[in-house]
Every structure is written in C-alpha cells, then in structure tokens.
Amino acid sequence: MKRLAAGNWKMNGSSASMAEVQALLGQHPNPSCEMLLCPPATLVAQMAWAAKSSALLVGGQDCHANASGAHTGDVSAAMLKDAGASHVILGHSERRADHHETNLLVNQKTISAWSAGLCAIVCVGETEAERDAGVTLSLISDQLAGSIPDGATSENLVIAYEPVWAIGTGRTPTLVQIGEVHDHIRAQLTARFGSNAAEMRLLYGGSVKPSNAAEIFAVPNVDGALVGGASLKAADFGAIVAALSI
Ligand code: PGA
C-alpha cells in the first residue's frame, strides 16, 4: 500500500499560493508516498496545471450529489474531474456542521464522485461530547455504515478519521486513542468489504504537524494524514510528507 499525505486548504489560498506548490514539488519531486493537495474549487484547475506531470495529486473539498443542474454555487464531481482533480474530500466535519450534511448525503456524494472517476476521501469523527459520553466507536460505525456506499475498493475510497475536537485546535488524541479508532475502522471495513479493506488507506486528521507526524504515522493502521493548517506552507507539509516517506 502506498501511504497518502493529503492537504486540505479549506477556504484559504489564492493564485499567489501556487508558489507553495512549486516549493513543495522542489522539496519532494518523487516522494515514496502519495501526495495530494485539496485547494478551494477556484484553484483546482490552476493547481492541477501547476502539478502537471509531477507527483502531486489535486482534489476538491466537496461536490454536489448530482452530476449537473440548477444548484447555484455548487460544484459537481465531473467538474472537479474536468479541472484535473483525482480525489474529493466528502463529509468533512465542517461541512457536516456548517451545511447539515448527513451520512445519507455523504453516501450520495460518494456515488457521484465514483461516477465521475474520483476517489472519495470520506471523513468520520466524534465531537468532544460524544467522546466523553463513550460513544466514539459506535458513532464511527454508524458514520461508516451510512456514508459509504456498496462497491467501495481501495482504489475509490480513503477514510479520514478526524476527531472534531482535534481539528484546528492544536489538541490531538493519544496514540492509543488513535490506534483504537483506526483498528475499529479497519475491522468495520473488513466485515463489510472483505479482503479489499486491507488495502484501503485510513488517514488520521486533526492538528497533524511536523512535530507529531512521525509518532502518529508509527501507529498501526494509520496509512497517512489529512492535514489542514499545516498543509498551507510547503515547509510544514513537506516535513509531514518526509515523515510519511520513511
Ligand atoms: P487541521 O485540520 O490539521 O488544521 O487540524 C484538519 C482537517 O480539518 O482536515
């Protein structure tokens, strides 16, 4: 399995940020892990152009469940593909919270992504209140069961475990807590998708930075990271790529 360092720029970045892409490619022209950046939709085509013939993959941060139509302000999976994307993040906790996205909607978006030939990065994770209530594993089971359509393979699906309370806060779960959830996700996927599940990438996300990346990547069943804030600067994201490439 090739491990995956994925960056989520969220609502950040402009044309000037392409300098970070060039810097990243300068640092890692040929990384041994996969390297993906997901800029805002306005920059997907520009970044895909900048990354042409390089090791950098480009993805979207969301897509509509429908292929086209009267949905003002939305972007379809086919449009992302056409702009040069290979991946799309779906069901990020910020979208689940800000846009009331349900597991069912994430499931429909995943089908749409697959129809367009994109690999879906489906995000799951508990809030702090849910962790305190001791329902983390059952909640993750429900999110996986509801958000992932039948037909998932290691080619078309990546899972990102992102505890909501760790996103953008500088706080991370203990390595034992990360390992417990990742083992649980692998077991759930294996029960449903059989031997395919062994090769599915399970990313950890939430305050991953150069200083904690190596220890997180050493946890069994952690196959990479989904990185927010630290993906905006080539120096930081490059250091995380380096930690994953060992
Ligand atoms: P963060 O965000 O690395 O800034 O915590 C992670 C994410 O939301 O994907």
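In this predicted model, helix α8 lies across β5, β6 and β7, and its direction makes an angle of about 150° with β7. Helix α7 (residues 136–147) does something comparable a little earlier in the chain: α7 lies across β5 and β6, and runs at about 150° to β5.

The strands under these helices belong to a barrel. Eight strands, written as 8 in the strand count, close up in the order β1-β2-β3-β4-β5-β6-β7-β8, with parallel pairing. Going from one strand of this sheet to its neighbour, the average turn is 25°, with direction ignored. One of the pairings is that of strand β4 (residues 87–90) with strand β5 (residues 119–124), which run parallel and are joined by 4 bridges. Here Val 88 has Ala 120 of β5 as its bridge partner.

Strand β7 is a good place to look at the barrel up close. Spanning residues 201–205, β7 is mostly covered, with 5 of its 5 residues buried. In a regular strand, side chains take turns between the two faces of the sheet. In β7, Arg 201, Leu 203 and Gly 205 point one way, while Leu 202 and Tyr 204 point the other way. Both sets are buried, the charged-sounding Arg 201 included.

On one side, β7 pairs with strand β6 (residues 157–161) in the parallel sense, over 4 bridges. Within this pairing, Ile 159 finds its bridge partner in Leu 202 of β7. To get from β6 to β7 the chain passes through helix α8 (residues 175–193), and this β-α-β crossover is right-handed. β7 also pairs with strand β8 (residues 224–227), again in the parallel sense, this time over 2 bridges. Gly 205 has Leu 226 in β8 as its bridge partner. The link here is helix α9 (residues 210–217), and β7, α9 and β8 together make a right-handed β-α-β unit.

Helix α9 also holds Asn 212. With a relative accessible area of 6%, Asn 212 is under the 20% cut-off and therefore counts as buried. Setting aside neighbours within four places in sequence, Asn 212 is in contact with Thr 172 and Ser 207.

Helices also meet each other in this model. Two packed helices are described by the angle and the distance between their axes. For helix α1 (residues 18–27) and helix α10 (residues 234–244), the axes come within 9 Å and cross at roughly 35°. The crossing of α1 past α10 is right-handed. From α1, the residues involved are Glu 20, Ala 23, Leu 24 and Gln 27, and they meet Ala 234, Ala 235, Phe 237, Gly 238 and Ala 239 of α10. Sorted by class, this contact has 6 nonpolar, 2 polar and 1 charged residues.

Finally, a couple of loop residues have backbone angles worth a look. Most residues other than glycine have a negative phi. Lys 10, though not a glycine, has a positive phi of about 55°. Lys 10 sits in the loop between β1 (4–8) and α1. Ser 53 is another non-glycine residue with a positive phi, near 60°. The loop that holds Ser 53 runs between α2 (44–50) and β3 (56–60). Ser 53 has 83% relative accessibility, so it counts as exposed, the cut-off being over 50%.

Technical notes:
Residues are numbered from 1 along each chain as its sequence is written. This is a predicted model: local features need pLDDT of at least 70, side-chain atom pairs count only at pLDDT 80 or more; totals for chains, interfaces and linings use all residues. Side-chain values use heavy atoms; hydrogens and water are left out. Buried means under 20% relative accessible area, exposed over 50%, partly exposed in between (1.4 Å probe, protein chains only). Two strands pair if DSSP finds at least two bridges between them. A crossover is right-handed if, with the strands pointing away from the viewer, the path from the first strand over the helix to the second runs clockwise. Axes are lines fitted to C-alpha atoms, for helices over the stretch in contact, and angles run from 0 to 180 degrees between N-to-C directions. A crossing is left-handed if the near helix is turned anticlockwise from the far one by less than a right angle, and right-handed if clockwise. Contact means heavy atoms within 4.5 Å. Ala, Val, Leu, Ile, Met, Phe, Trp, Tyr, Cys and Pro count as nonpolar, Asp, Glu, Lys and Arg as charged, and the others, Gly among them, as polar.
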